[in-house]
Amino acid sequence: MAYPPIDSYAFLSDTHTAALIAADGAVEWLCVPHFAGDAVLARLLDRRNGGVLDLTVAGCAEPSRRYVPGTLVLESRYETAEATAVVHDFLAVRPGDTARPLHAEKTLVRRVAVERGTIRLGIEVRPRIGYGATTVSWAGGDGRWWAADTPLRVDCALPGEVVDGTLRFSAELSAGQTTALLLGYGDDPAEPADPADLLRRTCQTWETWTRRTDYHGFGADTVRHSALVLRGLSFDETGALIAAPTTSLPEEIGGVRNWDYRHVWHRDAALLLLALFRLGHAEEGRRYLRFLMSVCSGDLLTPLVGIHGTTAREQELPHLEGYAGSRPVRVGNEAAEQVQFDTYGHVLDAALAYHQLTGELTEEQWALLRRHVDVMADRWHEPDHGTWEIRGPRRHYVHAKVMTWVCLDRGIRLAELLGDSSAADVERWRLARDTVHAEVLERGFDPQVGSFVMEYGSTELDASLLRIPLVGFLPGDDPRMLATIDRVRAGLEIGPGLLRRYRADDGLPGTEGAFLLCSFELVSALVLAGRRDEAHEVFARLLAYAGPLGLYSEELAADGTALGNYPQAFTHLALIEAALNLDGASNRDALHAWASRGGP
C-alpha cells in the first residue's frame, strides 16, 4: 500500500493531542494521552503495523474536503452516482476559562450524515499500542467498547464485531439518517454527548477564537488560517507550542534524517509572541511567556523541551518501517542535549517583545532572565552546535554569534526599561555586545566571496544568515546584507524561492529539501532590503506550494513534494511574519524598528 503525500493529510487538534486524516478518510495518526504520548494510530509510519481508524463509503474512493471556515473541523463530501454523504471529523473542544481558554473533550468524533440516496458505510478501528507494537483486545458491546491497556473507548450505535483485534461496524444509511463514531482517549467513562451538539459546540469554539484575530492586512485569510494551525499546535495545559504533531516524517524519502518534532523549540519564542499579540491573541501570548519562564529557571538553557517542560531521551523504534521506508523512526530528541547559544537570543528577544507589548514582565522573571544574559556575556566567544543541530563538533557559527548579540542587546534594553540598578553588569553586557558585533563583521563576513558565511573561516552559506536584519543586527539594505541575500539565493535555491538551509557536510548521509522557514524568511529579508516586488513574487510562489488544505510541512523537494514533520509550526510562523512585513512594506523605517523590537 502506497504512502499518501505528507501534505495531503488533514490536521485535527483539541489543543491536547492531534489527529491526521488521509485523503481517503483513514485516521492514520493519533497520540494519547497527549501530543507526545503513544501513537496508537500510526499507519502514517507503517502501512502494516501502524494502527488506523478507517471510514469508507462504498463506491467513493476519495471525498472532496475542506475545513469548516474558521475551524479545525474537517468536512468531507462523499459523492457517488446514487448518493451523497457528508462526514465531519473533529477533536471535540468547548470553551474553557481564563487559565485554559479551550477545553478538550478528549474525543475524536466522526459524524456521518446522508444527504441523498443510500450509502454503504464501513468503519474499522484498529489501534496498536507501543507505537504499533501490540494489537489491543476489545471488551464491551451494545454501543460502547473498551480497548485493553490503553484509555481508548469507542461509542457507536451501529452493530459492531471484533475480528483479529479490529473493531468493525457497517450499515446502510439513507437520506436524512445520521450516525457517528466517538473515539474517546480520556479517563472519564461518562456517557458521551450528542455528536450533533459536539459538532456545533466545537465549531462555535473555534469560530469564536478565530474572530478574535483583528488582522485585515496583506494575506489576511492565509494569516488567519496559519494562526489557527498554531493554536492547534499549542498544548492547552501549559501554553507550550510544539514544532509539529508528528515524529520521523523524513527530510529525504528513504533516508535517515527523521526526527521527533513533538517538542517545544525556543527559537519559536519571539516569532510566536509577536504573532499572537499582533493578531489579537494576547492571552495565549501571556500563557506562552509563563511557560517559557517556567523552563528558564536553570543556569543553562536547552534548545528544546517537552510539552511538560522535560524531554525524553532519543530512541529508535525498529519495529516500524518508517514513512515510505524512511528509517529509523525516532522518539525523543537528542538535540535537547546540545549547546545552542542562539537559544538565549530567542528567549531574551521574546521577553523584550513581551514587556514592550504589555509592560508585565515581573522582577522575578527578570531575575531569571538576567542570569542568562550573564551566561552569554561570559560564553559568547565559545563554539556551539548551531541552530540547525548539526551532530558534530562545536563550531563558531555566525548565526549563533548574531543571536548572542541579540541576547545581550535585549538584556541591556530590558535592564534599562526595568530600572535595573546593577550598572556594572550592564556595562559588562554592553562591552560584550559591542565586541561580538565587531567580531561578526570582521570574521563572519568574507570579503573574498562577498557575503556573510556559515562559520568563521568558512565560505559555506547558511540560510539562517537571512535573520541578521530581521533581529536588527544590521539594516536590511546594508550592502553586506544585499550581497548575502543574492549569494544565498544563488547557492541554496533548489527552485524559485525554495531555499535549503545549507550545503555543508553535516555528518549524515543523503540530502534534505528546501526548508520552508528559511524560504519565508527570504521574503521578510527582501522586504527589509527594499526589494518589495521580489518579495511579493517569492511569497506568491510559496503560497502555491501549500497542501490542498492550506497546511505546510517542514520542507519541500525541488518538485514540490512535501518533506519533514507536518504541519510545521516554524513554517506557519514564518509565513505570518512574512505577510506582516509585506503588509508594512511601505514603511521600511518602521519595519527596521520592529525588527530590533523597537515597535512599529
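**A guided tour from Asn258 to helix H5**

Begin by selecting Asn258: apart from neighbours within four places in sequence, this residue is in contact with Ser248, Pro250, Glu251, Ser326, Arg327, Pro328 and Arg330. The model on display is a predicted one. Asn258 sits in the loop that runs between strand E19 (240–241) and strand E20 (264–265). With the loop shown, colour the residues by accessibility. Asn258 counts as buried because its relative accessibility is 0%, and the cut-off for buried is under 20%.

Next, display the side chain of Asn258 together with the backbone of Ser326 and Pro328. The side chain of Asn258 reaches the backbone oxygen of Pro328 at 3.1 Å. The backbone oxygen of Ser326 is reached by the side chain of Asn258 as well, at 3.5 Å. Both Ser326 and Pro328 also appear among the contacts of Asn258.

Move now to Tyr552, which is found in the loop between helix H13 (532–544) and strand E29 (555–556). Is Tyr552 buried or exposed? Its relative accessible area is 2%, so Tyr552 is buried. Select the surroundings of Tyr552, again without the neighbours within four places in sequence: the contacts are Leu516, Phe520, Leu542, Leu543, Tyr545, Ala546, Tyr566, Pro567, Gln568, Thr571, His572 and Leu575. For the polar contact, show the backbone of Leu542, whose oxygen lies 2.9 Å from a polar atom of the Tyr552 side chain. To place Tyr552 in the wider model, draw a C-alpha to C-alpha distance to Ser297: this spans 33 Å in space, with 255 residues of separation in sequence.

The third stop is Thr205, in helix H2 (residues 195–211). Thr205 has a relative accessibility of 8% and therefore counts as buried. Which residues should be selected around Thr205, leaving aside its neighbours within four places in sequence? The contacts are Val93, Arg94, Pro95 and Leu102. Gln568, one of the contacts of Tyr552, offers a link back to the previous stop. From Thr205 to Gln568 the C-alpha to C-alpha distance is 23 Å, and the two are 363 residues apart in sequence.

Finish with helix H5, residues 282–294. How far does H5 reach from its first C-alpha to its last? The helix has 13 residues and reaches 19 Å, close to the 18 Å expected at 1.5 Å a residue. Select the buried residues of H5 as a closing view: Glu284, Gly285, Arg287, Tyr288, Leu289, Phe291, Leu292 and Met293.

Key: Residues numbered from 1 in each chain as written. Predicted model: local features only at pLDDT ≥ 70, side-chain atom pairs only at ≥ 80, totals over all residues. Heavy atoms only, no water. Helix = DSSP H or I, 4+ residues; strand = E, 2+ residues; numbered from the N terminus. Expected span 1.5 Å × (residues − 1). Buried < 20%, exposed > 50% of the residue type's maximum accessible area, 1.4 Å probe, protein only. Contact = heavy atoms within 4.5 Å. Polar contact = N/O pair within 3.5 Å; in protein donor to acceptor, adjacent residues only side chain to side chain.
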